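Welcome! Take a look at the structure below, and then let us walk through it together.

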Amino acid sequence: MTMIAKGLEGVLFTESKLTFINGAEGVLTHLGIPIQEWAEKSTFEELSLALLDAELPTAEELARFDAELKANRAIPREVEDLIRNMPKGVNPMQALRTAVSYLGLTDAESEDVTPEARRAISIRLIAQFATIIAAINRVQEGQDIVAPRADLTHAGNYLYMLNGKEPTAEQARLFDIALILHADHGMNASTFTAIATSSTISDMYSCIVSAIGALKGPLHGGANEQVMVMLDEVGSPENAVDYITDKLNRKEKIMGVGHRVYKNFDPRSRVLRDYAAHVAGKEGKSNYYQILETIEKTVVDRIGDRGIYPNVDFYSGTVYADLGIKKEYFTPIFALARISGWCASVIEYSKNNRLLRPDAYYIGQKNARYVDLKDRK
Ligand SMILES: CC(=O)SCCNC(=O)CCNC(=O)[C@H](O)C(C)(C)COP(=O)(O)OP(=O)(O)OC[C@H]1O[C@@H](n2cnc3c(N)ncnc32)[C@H](O)[C@@H]1OP(=O)(O)O
Ligand SMILES: O=C([O-])CC(=O)C(=O)O
């Protein structure tokens, strides 16, 4: 009997040294180091470099990488103009996809697919994603673009470019941790898409534009925005049980819960839940957190036995909202972090490339004859 791995579940198509996930036990490691340790001890810059080179950097290597990121933060004038001329009210992920595609046109090295060029382009992309996303957000809000600063961390500089004022050290670190938690996650749909594009030996910008498109969907990165839409629909904690029960009775999916690999818990959602609780502790911010807690309990009571628990998208939004980020930008923020994982995975796969080309089991007609248009009913 022909076996079809629907959704490619459980299919191993390559080897990787970057990320290990044990979904049954809620384990996630990068280079063998648990995600909790990366979140507690490291920075987004360090994790990005570790992923790109598949090894822990020395202090000197990290300082050089950090300087390279800072030197590459500014985006070309043409890309700024493109962002300024985008229609108002566009979907920010479409805007990001368009801006990154255009950025490729301005990069003289963009068609170079050697490992050295792929790595150099990756550094520029990691640096410039932040500038592009902040610029899109500000222009769409009718504000001027804020130029990047080289004296702030990657996370701190993003919040500065977004809000036009320097974040507190606590805000910058909280955002840094959120970026760490989202930086890479094995063969998720967007990383797989980036690799599929790169397997044809296409250019780095095409790989990343494909990945942005895959991340955008509500079954993947787009779920974080949908969680916030759900929270607003629920309105207050008292409505949460009925809201979720109705949805489940109608066989509708609850956003921010369930995962292809985690069937017990997603370790990133645990870390984010703690930060969401911290944020909720602040005056006037507790409503969202209470609704989320009630939704989590209701979902776990109803369908937890089917392995459905909060994923990384469930609690992230309340943390972002506290940093002044609007829900329409939650998914671009995911991309701001995941660019490191996308680039690292493309670089790793390219070293031992083979064209990705799965197959479909044919269930259509056989031996059919062409019928002239005039004879068709
Ligand atoms: C960063 C990330 O990408 S994390 C994931 C973000 N996405 C979301 O939060 C969207 C909501 N979640 C989902 O849609 C799913 O859990 C996915 C797509 C993430 C993974 O699911 P898959 O492994 O493909 O499982 P699939 O969608 O086939 O669901 C299996 C069963 O569980 C149910 N189920 C899965 N997730 C949910 C959910 N969120 N709410 C309700 N039921 C669910 C399905 O309805 C299905 O039930 P059935 O067997 O009766 O038809
Ligand atoms: O791994 C997945 O399928 C989705 C996910 O959690 C991520 O990309 O972070």
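## A first tour

We can begin with the surroundings of ligand 1: there are 20 residues around this ligand, and H220, A223, K253, G258 and R260 come nearest. In this predicted model, the shell around ligand 1 is made up of eight nonpolar, eight polar and four charged residues.

Now for the protein as a whole. It has 16 helices and three strands. With a radius of gyration of 22 Å, close to the 21 Å that the globule rule gives for 377 residues, the protein is as compact as a globular protein of that length. Along the principal axes, its C-alpha atoms fill a box of roughly 70 × 55 × 45 Å.

Next come the helix pairs. Two packed helices are described by the angle between their axes and the distance between the axes. Here are three pairs to look for:

| Helix pair | Angle between axes | Distance between axes |
|---|---|---|
| α2 (residues 44-53) and α3 (residues 59-71) | about 105° | 10 Å |
| α4 (residues 77-84) and α6 (residues 115-140) | about 35° | 9 Å |
| α6 (residues 115-140) and α7 (residues 154-163) | about 20° | 9 Å |

How are α2 and α3 oriented to each other? At an angle of about 105°, they are roughly perpendicular, because angles of 65 to 115 degrees count as such. On the α2 side, the contact is made by E45, E46 and L49, while α3 brings E61, L62, F65, D66 and L69. By class, the residues of this contact of α2 with α3 are four nonpolar, no polar and four charged.

Moving along the chain, α4 packs against α6 at an angle of about 35°, and their crossing is right-handed. Here V79, E80, I83 and R84 of α4 make the contact with I132, A135, I136 and V139 of α6. Six nonpolar and two charged residues take part in the contact of α4 with α6, with no polar ones.

Helix α6 also has a second partner in this tour, α7, and the angle between α6 and α7 is about 20°. That makes α6 roughly parallel to α7. The crossing of α6 and α7 is right-handed. Which residues meet there? From α6 come A130, T131, A134 and N137, and from α7 come H154, N157, Y158, M161 and L162. The contact of α6 with α7 holds five nonpolar, four polar and no charged residues.

To find α6 again in the picture, look for residues 115-140; I132 and A135 are among its residues in contact with α4, and A130 and T131 are among those that meet α7.

Terms used: Residues are numbered from 1 along each chain as its sequence is written. Chains are lettered from A and ligands numbered from 1 in the order in which they are written. This is a predicted model: local features need pLDDT of at least 70, side-chain atom pairs count only at pLDDT 80 or more; totals for chains, interfaces and linings use all residues. A residue is near a molecule or strand if its C-beta atom, placed from the backbone, lies within 6 Å of it. Ala, Val, Leu, Ile, Met, Phe, Trp, Tyr, Cys and Pro count as nonpolar, Asp, Glu, Lys and Arg as charged, and the others, Gly among them, as polar. Axes are lines fitted to C-alpha atoms, for helices over the stretch in contact, and angles run from 0 to 180 degrees between N-to-C directions. Helices (H or I, at least four residues) and strands (E, at least two) are DSSP runs, numbered from the N terminus. A crossing is left-handed if the near helix is turned anticlockwise from the far one by less than a right angle, and right-handed if clockwise. Two residues are in contact if their C-beta atoms, placed from the backbone, lie within 7 Å. Angles under 35 degrees count as roughly parallel, over 145 as roughly antiparallel, 65 to 115 as roughly perpendicular and the rest as oblique. The radius of gyration is taken over C-alpha atoms; the globule rule is 2.2 Å times the number of residues to the power 0.38.
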